Every structure is written in structure tokens, then in C-alpha cells.
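Colleague: I am new to reading protein models. Can we go through one together?

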Amino acid sequence: MKVYIAYESKYGNGKKCVEHLQTAIKKKGHNVEASPINEIKTDSLPPAELYIFSTPTHVGRPPRKMRKFLKKLEMGQEDAKYALMTTCMDYNTRSLEIMEDFLQPKKINKVSKGIKIKVGGIKGPLESSYQEKLDSFVEEIFANK
Ligand SMILES: Cc1cc2nc3c(=O)[nH]c(=O)nc-3n(C[C@H](O)[C@H](O)[C@H](O)COP(=O)(O)O)c2cc1C
């Protein structure tokens, strides 16, 4: 399967999670690519069967550039699936729900309840179990495919 990860990461914690996801997805024999959203054109998302969107939480929601990206995003395919990830200091973040609200009207279907990875402070570090959590996330995504 072809997987594409579009992410935003101000301090590199989300990027580190994306890198771990890439390794875990490759280990399962799938083809995976990742790009920061500022390198992606919203009207020509690379074709994939599964998209993962990853964002930090800023003031309780995804930063403006992620919201703008998801709002403008055009899905070229009928049957694409998606899963969401956020890094946050507080698990009560609504970033996943907010991202979902942007994607809901588009031709794309959710395959996971999504994942929240906690950071100890604004610049990190990631919670110690982040790799195990991401491995379970990957299992969940592919179990539902
Ligand atoms: C301007 C700003 C506002 C933030 N507000 C929140 C917040 O409301 N809730 C929260 O859980 N984390 C908040 N954070 C912490 C971010 O979640 C954290 O910086 C981010 O997850 C780190 O990921 P990154 O290294 O990929 O940027 C905020 C960070 C910044 C810079």
C-alpha cells in the first residue's frame, strides 16, 4: 500500500514521530513518503491509499497553517483513507476533532480514532513511550484497512 504523511512540526517532536511512523510502516512492507505541509500543493497531493496528517497543538488547536492546509486540500481520489496525529502538552487537546471537521466534507474516510503524543514542554521532550504508542497506532491503522 502507498502511504503519504503530511505534517507540520515547529520544534521537531512531530517530525521525530513521523520518522518513527515511516520506519514502522516500511517494516510492514508498505511504501511510505512524508513531507512538511509547506512543501505540498493542496491541489496536487501525491496519490496514496492512506494519508496521515500530523500537527502540533497550538492554543488548543492545530496552528493556522495546518488549518488552512486542510481547508484548501483537494482530494483527487474517491477511496482514500486517513488517520490523524497530534503532539500536545495536554491530552485534552481538540486538535484531532478540529482536523477531522476540515476533512469530513472531503472524499476521504477515517481509519483510526487518531493518536495524541504528549510532550513534556513546548519544545519537548516526547513522552518516553512514544515509539510503542506509534507502533500500536500503525497496527490499528492497518488492522482497519
Ligand atoms: C504558541 C504555542 C501554543 C501552544 N499551545 C498548546 C496548547 O494549547 N495545548 C497543548 O497541549 N500544547 C500547546 N503547545 C505545545 C505544543 O503542543 C508543542 O510545542 C508541540 O506539540 C511540539 O511539537 P513540535 O516539536 O512538532 O512542534 C503550544 C506551543 C506553542 C509554540
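Modeller: What follows is a set of short questions and answers on this predicted model.

Colleague: How many helices and strands does the protein chain have, and in what order do they run?

Modeller: Count the elements first. The protein chain has 4 helices and 6 strands. Read from the N terminus, the order is β-α-β-β-α-β-α-β-β-α.

Colleague: What radius of gyration does the protein chain have, and what would a compact globule have?

Modeller: Start from the length, which is 145 residues. A compact globule of that length would have a radius of gyration near 15 Å. The chain agrees with this, since its own value is 14 Å.

Colleague: What box do the C-alpha atoms fill?

Modeller: The box is taken along the principal axes. Its sides are roughly 40 × 35 × 25 Å.

Colleague: What share of the residues counts as buried?

Modeller: A residue needs under 20% relative accessible area to count as buried. The protein chain has 145 residues to judge. The buried share is 49%.

Colleague: What share of the contacts joins residues at least 24 apart?

Modeller: Take contacts between residues at least 6 apart in sequence. Within that set, the share joining residues at least 24 apart is 79%.

Colleague: How far apart are the mean positions of the positive and negative charges?

Modeller: The chain carries 26 positive and 18 negative charges. Take the mean position of each group. The two means are separated by 5 Å.

Colleague: How many aromatic pairs does a search of the whole structure find, and what kind of pair do tyrosine 4 and tyrosine 51 make?

Modeller: The search finds 3 aromatic pairs. For tyrosine 4 and tyrosine 51, the ring centres are 6.3 Å apart and the planes meet at 65°. An angle over 60 degrees counts as edge-to-face. So this pair is edge-to-face.

Colleague: How many residues apart in sequence are the parts that this pair ties together?

Modeller: Tyrosine 4 sits in strand β1, residues 2–7. Tyrosine 51 sits in strand β3, residues 50–56. The pair therefore ties together parts whose separation in sequence is 47 residues.

Colleague: Are tyrosine 4 and tyrosine 51 buried or exposed?

Modeller: The two tyrosines share one label. Both are buried.

Colleague: Tyrosine 51 also pairs with phenylalanine 53; what kind of pair is that?

Modeller: The centres are 6.2 Å apart, with 15° between the planes. Planes under 30 degrees apart count as stacked. So the pair of tyrosine 51 and phenylalanine 53 is stacked.

Colleague: Which residues form the aromatic cluster?

Modeller: Two members are the tyrosines we have just met, and two are phenylalanines. The cluster is Tyr4, Tyr51, Phe53 and Phe69.

Colleague: Which residues does the cis peptide bond join, and what is its omega?

Modeller: Look in the loop between β6 (115–118) and α4 (130–143), where proline 125 is placed. The cis bond joins glycine 124 and proline 125, and omega is about 5°.

Colleague: What is the phi of valine 59, and is this residue buried or exposed?

Modeller: Valine 59 is in the loop between β3 and α2 (64–72). Its phi is positive, about 50°, although valine 59 is not a glycine. Exposed means over 50% relative accessible area. Valine 59 has 85%, so it is exposed.

Colleague: How far apart in space are histidine 20 and aspartate 135?

Modeller: Histidine 20 is in helix α1, residues 13–27. Beyond four places in sequence, it touches Gln131, Leu134 and Asp135. Histidine 20 and aspartate 135 are 115 residues apart in sequence. In space, C-alpha to C-alpha, they are 8.4 Å apart.

Colleague: What is the relative accessible area of leucine 134, and which residues is it in contact with?

Modeller: Leucine 134 is in helix α4. It is buried, with a relative accessible area of 0%. Leaving aside neighbours within four places in sequence, its contacts are Cys17, His20, Leu21, Met85, Ile115 and Ile117.

Colleague: Which residues is serine 54 in contact with?

Modeller: Serine 54 is in strand β3. Its relative accessible area is 1%, so it is buried. Neighbours within four places aside, its contacts are Ala6, Tyr7, Glu8, Val18, Met66 and Met85.

Note on methods
Residues are numbered from 1 along each chain as its sequence is written. This is a predicted model: local features need pLDDT of at least 70, side-chain atom pairs count only at pLDDT 80 or more; totals for chains, interfaces and linings use all residues. Side-chain values use heavy atoms; hydrogens and water are left out. Helices (H or I, at least four residues) and strands (E, at least two) are DSSP runs, numbered from the N terminus. The radius of gyration is taken over C-alpha atoms; the globule rule is 2.2 Å times the number of residues to the power 0.38. Buried means under 20% relative accessible area, exposed over 50%, partly exposed in between (1.4 Å probe, protein chains only). Contact means heavy atoms within 4.5 Å. Lys and Arg count as positive and Asp and Glu as negative; His and the chain ends are not counted. The place of a charge is taken as NZ of Lys, CZ of Arg, CG of Asp or CD of Glu. Rings of Phe, Tyr and Trp (its six-membered ring) pair if their centres lie within 6.5 Å; planes under 30 degrees apart count as stacked, over 60 as edge-to-face and the rest as tilted.
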